[in-house]
Amino acid sequence: MRNAKQIFKSVFAAFFGVQSHKNRKQDFAQGKLSHFIVAGVILTIAFIASLVLIVQLVLVNS
C-alpha cells in the first residue's frame, strides 16, 4: 500500500509526464485507483488556482 506522500509524488510526476516506468508499475500493483483520482483532482485544482493567482498578480501590477 502506498502512503499519501507517495501517491501525490506519483500523480505530480505523471501530471507533468515524467513518471518512470518502474513507479508506474508499482502504482498499478500497490495503489488504489480512487486514491490516485482524488490526488489528481486536488493537484488539478491547485494548478488552476495557481494560474489564476499568477494572472491576477500580473493584471494588478500592470
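This is a tour of selections to make in the open structure, which is a predicted model.

**Stop 1: Ser 10**

Start by selecting Ser 10, which sits in helix α1, the run of residues 4-15. Is Ser 10 buried or exposed? With a relative accessible area of 6%, Ser 10 is buried, because that value is under 20%. Now show the residues around Ser 10. Setting aside neighbours within four places in sequence, the contacts of Ser 10 are Arg 2, Gln 19, Asp 27 and Phe 36.

**Stop 2: Asp 27**

From that list, select Asp 27, a residue of helix α2. Asp 27 has a relative accessible area of 8% and is therefore buried as well. Which residues does Asp 27 touch, not counting residues up to four places away in sequence? They are Arg 2, Ser 10, Gln 19 and Phe 36. Keep Ser 10 and Asp 27 on display, since both return at the next stop.

**Stop 3: the largest pocket**

Select Ser 10, Val 11, Ala 14, Gln 19, Arg 24, Asp 27, Phe 28, Gly 31, Lys 32, Leu 33, Phe 36 and Ile 37 together; these residues line the largest pocket. Helices α1, α2 (21-30) and α3 (33-60) each give two or more residues to this lining. The volume of the pocket is about 210 Å³. Colour the lining by residue class: 6 of its residues are nonpolar, 3 are polar and 3 are charged.

**Stop 4: Ile 37**

Stay with the lining and pick Ile 37, which lies in helix α3. Ile 37 has 48% relative accessibility and so counts as partly exposed. Draw a distance from Ile 37 to Ala 49, 12 residues away along the chain: the two C-alpha atoms are separated by 18 Å.

**Stop 5: helix α3 from end to end**

Select the whole of α3, which has 28 residues. At 1.5 Å a residue, α3 should span 40 Å, and its end C-alpha atoms are 41 Å apart, so the two values agree. Which residues of α3 are buried? They are Phe 36, Ala 39, Gly 40 and Leu 43. Show what covers these buried residues: the cover includes α1 and α2. A general point about helices helps here: an α-helix has 3.6 residues a turn, so residues three or four places apart point the same way.

Next, move along α3 to Gln 56. At 43% relative accessibility, Gln 56 counts as partly exposed. Measure across to Gln 19, 37 residues away in sequence: the C-alpha to C-alpha separation is 31 Å. Gln 19 is one of the residues lining the pocket of stop 3.

**Stop 6: the aromatic rings**

Turn to the aromatic side chains. How many aromatic pairs does the whole structure hold? A search finds 4. For one of them, select Phe 12 and Phe 16: the ring centres are 5.0 Å apart and the planes meet at 65°, so this pair is edge-to-face. The cut-off behind that label is an angle over 60 degrees. Phe 12 is partly exposed, with a relative accessible area of 47%. Phe 16 also counts as partly exposed, at 47%.

Now select Phe 15 and Phe 47, an aromatic pair that is edge-to-face, with 5.6 Å from centre to centre and 75° between the planes. This pair links distant parts of the chain, as Phe 15 belongs to helix α1 and Phe 47 to helix α3, 32 residues apart. At a relative accessible area of 35%, Phe 15 is partly exposed. Phe 47 counts as partly exposed too, at 35%. Show Phe 12, Phe 15, Phe 16 and Phe 47 together; they form one aromatic cluster.

**Stop 7: two last distances**

Select Ser 20, in the loop between α1 and α2. Ser 20 is partly exposed, with a relative accessible area of 32%. Join Ser 20 to the residue of stop 1, Ser 10: these two are 10 residues apart along the chain, and their C-alpha atoms are separated by 9.1 Å.

Finish with Gln 30 in helix α2. At 38% relative accessibility, Gln 30 counts as partly exposed. From Gln 30, draw a distance to Lys 5: 25 residues lie along the chain from one to the other, and the C-alpha atoms are separated by 14 Å.

Methods:
Residues are numbered from 1 along each chain as its sequence is written. This is a predicted model: local features need pLDDT of at least 70, side-chain atom pairs count only at pLDDT 80 or more; totals for chains, interfaces and linings use all residues. Side-chain values use heavy atoms; hydrogens and water are left out. Helices (H or I, at least four residues) and strands (E, at least two) are DSSP runs, numbered from the N terminus. Buried means under 20% relative accessible area, exposed over 50%, partly exposed in between (1.4 Å probe, protein chains only). Contact means heavy atoms within 4.5 Å. On a 1 Å grid over the protein atoms alone, a cavity is a set of points where a 1.4 Å probe fits but cannot get out, and a pocket is an open set with protein on both sides within 12 Å along at least five of seven lines; lining residues have an atom within 4 Å of a point. Grid points are joined across faces, edges and corners, and a volume is the space filled by probe spheres set on the points. Ala, Val, Leu, Ile, Met, Phe, Trp, Tyr, Cys and Pro count as nonpolar, Asp, Glu, Lys and Arg as charged, and the others, Gly among them, as polar. Rings of Phe, Tyr and Trp (its six-membered ring) pair if their centres lie within 6.5 Å; planes under 30 degrees apart count as stacked, over 60 as edge-to-face and the rest as tilted. The expected span of a helix is 1.5 Å times one less than its number of residues.
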